[in-house]
Amino acid sequence: MELVALILALLILGTYAWGGIRGAPWVPTRRRDTGRIVALAEPRPEERVADLGCGTGHVLSLFYEKGCAVRGWELAFVPWMIAWIRLGHRERAQISWGDFWGADLSKLDLIYVFLMPEALAKLVPKLRRELQPGARIISYVWPLPDWEHDCVDRVEGQPPLYRHIA
Ligand SMILES: C[S@@+](CC[C@H](N)C(=O)[O-])C[C@H]1O[C@@H](n2cnc3c(N)ncnc32)[C@H](O)[C@@H]1O
C-alpha cells in the first residue's frame, strides 16, 4: 500500500517536471497582474481564448467571466485537476490534461502564455503558421522573440506584459 502511494506521488511529481521540460515549470501568474492581462487583451464575448499551459485555470476563468469560450492544456496533474474542477464542466470551456504542442491553434482569437523564453522561441513558428491574421497573443514577463509587440504594459515592481498581433 505504501509502495503504491509512493509510486503515485512520484508519478504526480513527474507530471510537474514534464511540464517544466515542455514549456515552463508551474509558477502561477500573480493574482495582482490578472486585471492587467484582461485589460491588455480586450476580450470580446464569444472570442476563443486559450492559455497554453493553463495551470489552475485562474487566468482563463477571468476570460470565461467576460463571455469568452476558453481552452486550456496543462501537463502538471494537480493544477490540471484544479483547472478542470474550476472550468472543465462549463459550457464554453475545455480543459485538457495534455500537451499543447500538438494542438491546432488556428481557431483561436486570443492566446495567453506564461512560458520560458526557450519555449516562446519554439512557439513563434507554430503561432505564425497556425493563427489567423488579427489574433492576439499576450505574453507575461517575456516578449515573443523575433515578433514585434504592438503594445507593452509596464508597472513598476511587476512583470511586464506584451501584446502581439498575428
Ligand atoms: C509558468 S506556468 C503558468 C501557469 C498558468 N498559465 C498561469 O499563468 O498561472 C506554465 C505552465 O505550463 C505548463 N506546461 C508547460 N509546457 C506545457 C505543454 N507543452 N503542454 C501543456 N502544459 C504545459 C506547466 O506545467 C505549467 O503549469
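I started with who surrounds the ligand in this predicted model: the shell has 13 nonpolar, seven polar and four charged residues. For the classes, Asp, Glu, Lys and Arg count as charged, Ala, Val, Leu, Ile, Met, Phe, Trp, Tyr, Cys and Pro as nonpolar, and the others, Gly among them, as polar.

Housekeeping: residues are numbered from 1 along each chain as its sequence is written. Local features need pLDDT of at least 70 and side-chain atom pairs 80 or more, while totals for chains, interfaces and linings use all residues, and side-chain values use heavy atoms, with hydrogens and water left out.

Which residues come nearest? I found Thr29, Asp51, Gly53, Glu74 and Asp99, out of 24 around the ligand (a heavy atom within 4 Å counts as near).

Next I looked up polar contacts to the ligand (pairs of N or O atoms within 3.5 Å). A backbone N or O atom of Gly53 lies 2.6 Å from a ligand nitrogen. For Asp99, a side-chain N or O atom is 2.9 Å from a nitrogen of the ligand. A polar backbone atom of Leu75 sits 3.4 Å from a ligand nitrogen.

How much of the ligand does the protein cover? I read 99% of the 590 Å² of accessible area the ligand has on its own (Shrake-Rupley method, 1.4 Å probe).

Then I checked where the ligand sits: its space is the largest cavity (on a 1 Å grid over the protein atoms alone, points where a 1.4 Å probe fits but cannot get out; lining residues have an atom within 4 Å of a point; a molecule sits there if more than half of its atoms lie within 2 Å of the grid points). I noted 29 lining residues, with Leu52, Gly53, Cys54, Gly55 and Glu74 nearest the centre.

How values were computed
Polar contact = N/O pair within 3.5 Å; in protein donor to acceptor, adjacent residues only side chain to side chain. 1 Å grid on protein atoms, 1.4 Å probe; cavity = no way out; pocket = protein on both sides within 12 Å on 5 of 7 lines; lining within 4 Å.
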